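Let's get to know this structure by working through a few exercises. Try each task on your own, then read the solution step by step.

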Amino acid sequence: MISELLNMNGYGVYVWSSFIFTLFSFSFLYAVVKLNLIKEKKKFEENYKSLDEKKLASVAKQKNVQRDISKHFHI
Amino acid sequence: MINYFNPNNTLKIINRIQKFVFALFIIVLLLGLVEALVLSPEDYKQSDSVRIMYVHVPSAWISLGIFSFISILSFGVFVFKNKNFSLITKSLAPSGFVFSIIALVTGSIWGKPTWGTWWAWDARITSMLLLSIFYLLFITSWKITTDTGKAEKISSIIAIIGLINIPVIKFSVEWWNTLHQPASVKILEETTIHSSMLTPLAIMTAAFALFSLLIFLMKYNTELLKIKNKGLNRL
């Protein structure tokens, strides 16, 4: 049963390489996009933490930014 | 209507649905893989090599669909001057590009046992290669142009020019004699593919569409954070 599934009437090497290439491409794209997202989130947290009181007050005036910070980050 | 595309509204929605889309994608993909590799029958002519169709065809459909959508939104960039349209197109391009590469590579692998060659410069394959090049140009225009306004214009022009290639891909098998077979799944005419093969094809298409949605959401989120980071740096 397993050898039949792997062999696929002699077409196994073509079928499996197609599926493996597709899943590898998915994993690669997901990893790249996820790492970039994490990097930008970290940068945002660091930028926000480095703000002085005056700048923090300026951010607090901008409702949207303040709402996003409280919703998505644990600062 | 355009307010629905406001980045601050969408960021809230994106974070809510991202995990849900990921879970749904995994479930649909597993179901699709079982259907495509185990349950679906072999073809009477192509035998088991027909299973390559379940990754090749959805990839080609989705890469075509994404590029068409990018081109339409690129018109919107010029007409409505809405910056968020270009943010959406920029976030859609990576998954569209990867799907076009998957379609080319799996098509090439399928070509070897079916036509006896990895590659042929026929109309369908060449126009698909052109689509990948348009995607690459679109992504590169954002990477190499430092001025956002210029990058928006250049990428939009590339997408609009690339739109000409979409009907060429679609009708290439009818307009010219090609190695590539004509479409088996048709919207307006009767589909010539059996339901036992159509079901796994539909499931795999759904899984691939969910994956491109997931990548879009993550990329769009990243782009919004980049804008917010720039805003904080300007304070």
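**Exercise 1. Which residues is B:Y135 in contact with, leaving aside its neighbours within four places in sequence?**

Start with the list: in this predicted model, B:Y135 is in contact with B:F67, B:A93, B:G96, B:F97 and B:S100. Next, place the residue itself: B:Y135 sits in helix α4 of chain B, which covers residues 123–144. Now look further along the chain, at B:G162. The C-alpha atoms of B:Y135 and B:G162 are separated by 8.6 Å, although the two residues are 27 apart along the chain.

Last step: is B:Y135 buried or exposed? Count the other C-beta atoms within 10 Å, and you get 26 for B:Y135. The cut-off for buried is 20 or more, so B:Y135 is buried.

**Exercise 2. Describe helix α3 of chain B from one end to the other.**

Begin with its length. α3(B) has 33 residues and runs 46 Å from its first C-alpha to its last. At 1.5 Å a residue you'd expect 48 Å, and the span is close to that.

Then check for a bend. There is one of about 30° at B:A93, and a proline, B:P94, follows within four residues. You've met B:A93 already, as one of the contacts of B:Y135.

What about its surroundings? Of the 33 residues of α3(B), 25 are buried, so the helix is largely enclosed by the rest of the structure.

Finish at the two ends. B:K81 lies in the loop between α2 (53–80) and α3 of chain B. Its phi is positive, about 55°, although B:K81 is not a glycine. With 9 other C-beta atoms within 10 Å, B:K81 is exposed. On the other side, α3(B) is followed by B:G116, where phi is also positive, near 85°.

**Exercise 3. How many helices and strands does chain B have, and how compact is the chain?**

First the count: seven helices and zero strands. Reading along the sequence gives α-α-α-α-α-α-α. Then the compactness: the radius of gyration of chain B is 19 Å, close to the 18 Å that the globule rule gives for 235 residues, so the chain is as compact as a globular protein of that length.

For the outline, the C-alpha trace of chain B spans about 65 × 40 × 30 Å along its principal axes. For the inside, buried residues make up 38% of the 235 residues. To round off, take the contacts in chain B between residues at least 6 apart in sequence: 78% of these join residues at least 24 apart.

**Exercise 4. Now do the same for chain A.**

Chain A comes to four helices and zero strands, in the order α-α-α-α from the N terminus on. Buried residues make up 13% of its 75 residues.

Zoom in on α2(A). This helix has 38 residues and reaches 55 Å from its first C-alpha to its last, close to the 56 Å expected at 1.5 Å a residue. Its buried residues are A:Y14, A:V15, A:S18, A:T22, A:F26, A:L29, A:V33 and A:F44.

Just before it comes a loop, between α1 (2–7) and α2 (12–49) of chain A, and that's where A:M8 is found. A:M8 has a positive phi of about 45°, although it is not a glycine. With 18 other C-beta atoms within 10 Å, A:M8 is partly exposed.

**Exercise 5. How many residues does each chain give to the contact between chains A and B?**

Chain B gives 34 residues and chain A gives 31. On the side of chain B that touches chain A, the elements giving two or more residues are α1 (7–39), α3 (83–115) and α7 (195–234) of chain B. Of these, α7(B) gives the most, with twelve residues. Sorted by class, that side of chain B has 17 nonpolar, ten polar and seven charged residues.

**Exercise 6. What are the confidence scores of the model, and which element of chain A has the lowest mean pLDDT?**

For the model as a whole, ipTM is 0.89 and pTM is 0.88. Chain B averages a pLDDT of 88, and 92% of its residues score at least 70. Chain A averages 82, with 77% of the residues scoring at least 70.

Within chain A, helix α4 (residues 63–72) has the lowest mean pLDDT, 55, while α2(A) has the highest, 93. Where pLDDT is low, the predicted coordinates should not be read in detail.

Methods. Residues numbered from 1 in each chain as written. Chains lettered and ligands numbered in written order. Predicted model: local features only at pLDDT ≥ 70, side-chain atom pairs only at ≥ 80, totals over all residues. Contact = placed C-beta atoms within 7 Å. Nonpolar A, V, L, I, M, F, W, Y, C, P; charged D, E, K, R; others polar. Expected span 1.5 Å × (residues − 1). Bend = angle between axes of the 7 residues up to and from the residue. Buried ≥ 20, exposed ≤ 12 C-beta atoms within 10 Å, placed from the backbone. Rg over C-alpha atoms; globule rule 2.2 N^0.38 Å. pLDDT = per-residue confidence, 0-100.
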